[in-house]
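Please work through the following exercises with the sequence and the model open side by side. Each task is followed by a solution that goes step by step.

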Amino acid sequence: DQKWQQKPAPEVELHVHLDGSIRVQTIVDVAKRRGIRLPAKTAEGMKQLIILKQPATLTEFLGKFSEYMHVIAGDREAIKRIAYEFVEDRAKEGVIYVEARYSPHFLANTKVDPIPWNQKEGDLSPDEVVHLVNQGLREGERAFNIKARSILCCMRHMPNWSMDIVELCKKYQHEGVVAIDLAGDESLSSEANPDHRRAYEEAARCGVHRTVHAGEVGPPSVVKEAVEVLKAERVGHGYRTLEDQSLYRKLLAQNMHFEVCPISSKLTGACDPDFTKHPVITFRKDKANYSLNTDDPLIFNSSLHLDYSVASKYMGFTEQEFKRLNINAAESCFLPEKEKQELLISLYKAYGMLKSTPF
């Protein structure tokens with residue numbers, strides 16, 4: 001197990017927010033270039049404001065984004081840069097395939113109602129944001145030899161954006177956008193708004209993959225709705241599923257994939273702060289289909305390495321289990337079948353698990 005912790009084995013990350021992974025130095029640089037005054041002058045000072053040090057609520061956690069999102073939003077150069085740096089940072093961690101998720105509307109300043117982060121109306125639309133992020137990710141892929149795709153997020157509290165999102169997923173399906181997501185504060189409403197439902201129905205109809213944040217802080221009924229009504233193929237977090245055993249058994253039988261984020265779940269108050277009581281231990285024992293992910297490494301001051309260390313130290317994870325969960329992640333990723341098989345083969349090779357091919 002020590003071996004896993006020392007050298008970055010190839011890993012797959014499925015649940016990480018682009019806007020929760022920005023380098024603090026980049027925030028400071030962009031603010032300086034744009035003449036935006038920050039509450040702290042240095043990267044270290046900004047870091048202290050942004051980082052969540054103690055377990056809080058999901059609502060408090062989401063409030064952290066307002067410390068820096070206005071700096072990046074509406075700025076073409078900054079948006080491309082954060083996408084490129086995102087790929088570089090994942091590559092350094094040993095990730096060979098990643099799906100970055102974000103809300104294009106939160107980075108835009110026109111054709112979005114309301115305009116976020118108190119920005120003035122500008123000329124950067126959600127559509128162009130997606131185009132810029134795709135460019136940044138592609139340049140990062142070429143430079144760092146990893147594969148990066150993106151997932152576009154609908155926001156629970158902004159149902160009027162959801163149909164835009166599915167249209168953008170359709171438009172950019174062959175340029176790196178692999179799925180739609182529903183993110184935001186579950187505690188605000190546990191019922192999916194009809195606009196979200198319509199967007200997901202359209203996604204299913206057009207073959208756009210679907211994941212949903214559910215059961216992070218909301219009741220198991222949100223997970224049930226995500227799977228049965230929104231036709232989610234993966235569940236973001238999903239810890240509260242365990243409170244409804246019949247639902248949990250059903251999802252186990254369906255091989256539903258849970259995108260688990262250990263450090264995140266402690267700091268957002270989603271789970272017991274005692275890691276030895278984490279729901280993923282039950283997932284592990286039941287041989288469930290799940291992955292380990294960082295969620296928002298900027299705000300949690302974390303890394304994938306840290307999430308793996310926590311799993312190893314407090315949750316009884318072995319090297320064998322790390323291999324199994326990464327293979328599960330690859331099998332549950334939203335790549336087209338042929339690329340998915342290539343990804344799996346590269347993991348099997350790296351893990352010394354390549355079965356000899358019968359001729």
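Axes are lines fitted to C-alpha atoms, for helices over the stretch in contact, and angles run from 0 to 180 degrees between N-to-C directions. Helices (H or I, at least four residues) and strands (E, at least two) are DSSP runs, numbered from the N terminus. The model is a predicted one, in which local features need pLDDT of at least 70 and side-chain atom pairs count only at pLDDT 80 or more, while totals for chains, interfaces and linings use all residues. Residues are numbered from 1 along each chain as its sequence is written, and side-chain values use heavy atoms, with hydrogens and water left out.

**Exercise 1. Describe how helix H10 packs against H11.**

Step 1: Helix H10 (residues 220–228) and H11 pack at an angle of about 35°, and their axes lie 10 Å apart.

Step 2: The crossing of H10 past H11 is left-handed, a term used if the near helix is turned anticlockwise from the far one by less than a right angle.

Step 3: On the H10 side the contact (heavy atoms within 4.5 Å) is made by Pro220, Val223, Lys224, Val227 and Glu228, and on the H11 side by Leu247, Lys250 and Leu251.

Step 4: These residues divide into five nonpolar, no polar and three charged, where Ala, Val, Leu, Ile, Met, Phe, Trp, Tyr, Cys and Pro count as nonpolar, Asp, Glu, Lys and Arg as charged, and the others, Gly among them, as polar.

**Exercise 2. Place Thr241 and decide whether Thr241 is buried or exposed.**

Step 1: Thr241 sits in the loop between strand S6 (234–237) and helix H11 (245–253).

Step 2: Its relative accessible area is 0%, so Thr241 is buried; buried means under 20% relative accessible area, exposed over 50%, and partly exposed in between (1.4 Å probe, protein chains only).

Step 3: Not counting residues up to four places away in sequence, Thr241 touches Pro220, Val223, Leu247, Tyr248, Leu251 and Phe258.

**Exercise 3. Find which residues touch the most other members of the largest nonpolar core.**

Step 1: A nonpolar core is a set of buried Ala, Val, Leu, Ile, Met, Phe, Trp, Tyr and Cys residues joined through side-chain atoms within 4.5 Å.

Step 2: The largest such core has 103 residues, among which Tyr290 and Leu292 touch the most other members. Helix H6 (residues 76–92) supplies the largest share of this core, six residues.

Step 3: Leaving aside neighbours within four places in sequence, the contacts of Tyr290 include His257, Phe258, Phe283, Arg284, Phe317 and Arg324. A second, separate core of 17 residues includes Ile151, Val178, Leu344 and Tyr351.

**Exercise 4. Examine the salt bridges of Glu85, Asp181 and Glu259.**

Step 1: The whole structure holds 35 salt bridges, each a side-chain nitrogen of Lys or Arg within 4 Å of a carboxyl oxygen of Asp or Glu.

Step 2: Glu85 pairs with Arg23, the closest N and O atoms being 3.6 Å apart. Because Glu85 lies in helix H6 and Arg23 in the loop between strand S1 (11–17) and helix H2 (24–34), the pair ties together parts that are 62 residues apart in sequence. Glu85 counts as buried, at 9% relative accessibility, whereas Arg23 counts as partly exposed, at 26%.

Step 3: Asp181 forms a salt bridge with Arg101, the closest N and O atoms being 3.0 Å apart. This pair links strand S4 (residues 177–183), which holds Asp181, with strand S2 (residues 95–102), which holds Arg101, 80 residues apart, and both Asp181 and Arg101 are buried.

Step 4: Glu259 forms a salt bridge with Arg234, the closest N and O atoms being 2.6 Å apart, and Glu259 and Arg234 are both buried.
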